[in-house]
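Hi,

Here's the structure I promised to pass along. Have a look first, and my notes on what turned up in it are underneath.

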Amino acid sequence: MKKIWVATLGLTLCLPTIMIDGAFAKTPAPTQAQIDAAKAAEAAKAAEANKAQKNLDSATQTLRQLTAVAASARAKLKKAQADLAIATANALAAAKHSRAAQAAVDQTNRTIGKMASNAYKMGGDFTNINSLLNANGPQDLIDRLTTLDKLGSANTTILDRFKKASAVAKAAKIEADRTQALVAAATEKVAAAKKIADDAQVAQQKEV
């Protein structure tokens with residue numbers, strides 16, 4: 001009985017050693033080459049991630065710049081449109097004033113024509129009626145009307161009125177032409193600003 005127990009105890013003591021040795025045999029230590037390969041793979045991943053981050057940062061910066069450019073372009077377009085609205089309003093007012101001034105000239109011209117006709121019918125001292133009625137343009141008429149001074153103060157008053165109305169009409173016409181030119185320039189500026197704003201928006205959308 002003693003021999004059997006000793007043999008059994010010896011087998012029991014040896015068994016854990018065999019199992020431990022078997023466990024180590026299943027998980028061998030990695031070789032240096034494997035360690036180096038793993039490190040290289042991690043380094044490559046880190047480099048790729050760093051490159052991607054730099055690309056993202058660059059794209060973000062570019063997008064910010066394009067956004068600022070687009071915002072500035074839209075602001076310039078808005079201002080150009082406001083300037084066009086003001087120029088158009090001024091041109092309309094100037095054209096209205098020019099028409100009114102020319103109407104005043106036409107009215108005084110008709111009045112002078114009636115006065116000359118009446119003087120002729122009444123046998124007045126005015127002897128150049130046909131020449132007056134056939135005047136070639138406003139300035140020629142003014143030159144010929146200077147002879148109306150001898151018909152009295154009323155004729156002199158209407159003559160002065162005609163001269164002043166003609167001067168006002170001339171200035172109003174010049175102003176109307178000037179404001180109309182400003183409208184044309186403002187219209188071109190709006191078109192140019194709109195193109196810049198549209199191009200900036202397209203570039204912004206592409207970057208997004």
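A quick definition before the fold: helices here are DSSP runs of H or I with at least four residues, numbered from the N terminus. On that basis the protein reads α-α-α-α-α along the sequence. That makes 5 helices, with 0 strands.

Bear in mind that this is a predicted model. Mean pLDDT for the protein is 78, with 69% of its residues at 70 or more. Helix 5 (residues 153–207) has the highest confidence, at a mean of 90, while helix 1 (residues 2–26) has the lowest, at 47. Residues 1–15 sit below 50, and this stretch makes 0 contacts in the model beyond near neighbours in sequence. The story repeats for residues 17–24: pLDDT below 50, and again 0 contacts beyond near neighbours in sequence.

Now for the packing. Of the 208 residues in the protein, 19% are buried. The exposed surface comes to about 15100 Å², and 63% of that is supplied by carbon and sulfur atoms. If you take the contacts with a separation of 6 or more, 77% of them are between residues 24 or more positions apart.

One residue to click on is Asn 109, which you'll find in helix 2 (residues 32–121). Is Asn 109 buried or exposed? Neither, quite: its relative accessible area is 34%, so Asn 109 counts as partly exposed, given that buried means under 20% and exposed over 50%. Its C-alpha atom lies 9.8 Å from that of Arg 161, although the two residues are 52 apart along the chain.

Cheers

Methods. Residues numbered from 1 in each chain as written. Predicted model: local features only at pLDDT ≥ 70, side-chain atom pairs only at ≥ 80, totals over all residues. Heavy atoms only, no water. pLDDT = per-residue confidence, 0-100. Helix = DSSP H or I, 4+ residues; strand = E, 2+ residues; numbered from the N terminus. Contact = heavy atoms within 4.5 Å. Buried < 20%, exposed > 50% of the residue type's maximum accessible area, 1.4 Å probe, protein only. Areas by Shrake-Rupley, 256 points an atom, 1.4 Å probe, with all protein chains shown as cover.
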